[in-house]
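Colleague: I am new to this structure and would enjoy a guided close look at one part of it. Could you take me through it slowly?

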Amino acid sequence: MNVPVRHLDHATLVGYSAGALPVAFAAVVASHLELCASCREQLRAADAIGARLIEQQDGAPLSASARDAFRARLEGAAPAPPVVVAEPAPVDPDLLPTPLRPWFGERYSTLRWRAVGPGIHLLRAQDAALGAQLLMLRTASGKRMPMHSHGNNELTLILRGAYDDVLGHFGPGDVADLDHETEHQPVTSHGVPCICVAASDAPMRFSGWIARAMQSVLRL
Ligand SMILES: [Zn+2]
């Protein structure tokens, strides 16, 4: 896989470091971290800042056990909260990123896609107990996806293939950290289908007939 060129926002990394992200967002962040040495480096810096802030806030040094926990994380000896493990990318190209496997299963080849429009397939994974959901979308190559905007924040990770939109080109491992002001209509690149996974804290708003079909399937 290519080295990702579009990375997590600093605010997203800090939120992740603090364990403050919703679980679905944390799963997407952790999946990018698995693929991106640059963001793993940034996360270590965010962890160090967080440790210092906690010390300042308490007006006293960290307890020995808390300091040990932070040190272990900084040295990569313990997993970061709440889902994760920032490991090297898996070697087998059929394997999903580790943080996504509890949601979707282990392998791309065993995903059970649902058709929601010409050339567009969808998978939805939910954690009912946590009220969280992740969407995985597979779009045929050279296809224009439905125009949509977002009610609030959305974090998308491109797993395979690529697309272009008003923000530029997005390839494997890249993340798109979008807010509600972004309306976009990605066009997938020629070659392999584009597969991305998205966490959203508000329903996406689609327009157009494919969009309406998708919306009814999603029951948004
Ligand atoms: Zn990155």
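Which residue takes a positive phi just after α1? Please start there and walk me through the surroundings.

Modeller: Happy to! Please keep in mind that this is a predicted model. The residue you are asking about is Gly-19, whose phi is about 70°.

Let us step back into the helix just before it. Helix α1 covers residues 10-17, and its buried residues are Thr-12, Leu-13, Gly-15, Tyr-16 and Ser-17. Take Leu-13, which is found in this helix. Its relative accessible area is 2%, so Leu-13 counts as buried, the cut-off being under 20%. From Leu-13 you can also look across to Cys-39: the two are 26 residues apart in sequence, and their C-alpha atoms are 8.1 Å apart in space.

Cys-39 brings us to the metal. Its SG atom coordinates the zinc ion together with ND1 of His-7, NE2 of His-32 and SG of Cys-36, at 2.0 to 2.3 Å. Along the sequence, these donor residues follow the spacing H-x24-H-x3-C-x2-C. What geometry does the site of the zinc ion have? It is tetrahedral, with angles of 95 to 124° among the four donor atoms. For comparison, the ideal angle for four tetrahedral donors is 109.5 degrees. Two of the donor residues, His-32 and Cys-36, are both buried.

His-32 also belongs to the next element on our walk, as one of the buried residues of α2. Helix α2 runs over residues 23-35, and 12 of its 13 residues are buried, so the rest of the structure largely encloses this helix. Among those buried residues are Phe-25, Val-28, Leu-33 and Glu-34. The length of α2 agrees with expectation too: at 1.5 Å a residue its 13 residues should span 18 Å, and the C-alpha atoms at its ends are 19 Å apart.

Now come back to the start of the chain, to Arg-6. Its charged end sits over the ring of Phe-170, 4.3 Å from the ring centre. Phe-170 has a relative accessible area of 3% and is therefore buried. The ring of Phe-170 has a partner as well: a search of the whole structure finds one aromatic pair. That pair is Tyr-163 and Phe-170, and it counts as stacked because the ring planes meet at 25°, with the centres 5.2 Å apart. Tyr-163, at 3% relative accessibility, is also classed as buried.

These two residues lead into a small piece of sheet. Three strands form an open sheet in the order β7-β6-β10, with antiparallel pairing. The edge strands, each pairing on one side only, are β7 (168-170) and β10 (187-188). Strand β6, residues 163-165, is joined to β10 by two bridges. Tyr-163 has Thr-188 of β10 as its bridge partner.

One last stop is another pair of strands. Strand β5 (residues 154-160) is mostly covered, with six of its seven residues buried. Six bridges connect β5 to β11 (residues 194-200), and the two run antiparallel. Arg-160 stands opposite Ile-195 in β11. Arg-160 also lies over the face of Tyr-108, at 4.0 Å from the ring centre.

Definitions and conventions:
Residues numbered from 1 in each chain as written. Predicted model: local features only at pLDDT ≥ 70, side-chain atom pairs only at ≥ 80, totals over all residues. Heavy atoms only, no water. Pairing = 2+ DSSP bridges. Helix = DSSP H or I, 4+ residues; strand = E, 2+ residues; numbered from the N terminus. Donors = N, O, S within 2.8 Å, 3.2 Å for Na, K, Ca; no water. Tetrahedral: all angles 85-135°; square planar, octahedral: opposite > 155°, others 65-115°. Buried < 20%, exposed > 50% of the residue type's maximum accessible area, 1.4 Å probe, protein only. Phe/Tyr/Trp six-rings, centres within 6.5 Å; stacked < 30°, edge-to-face > 60°. Lys NZ or Arg CZ within 6 Å of the ring centre and 35° of its normal. Expected span 1.5 Å × (residues − 1).
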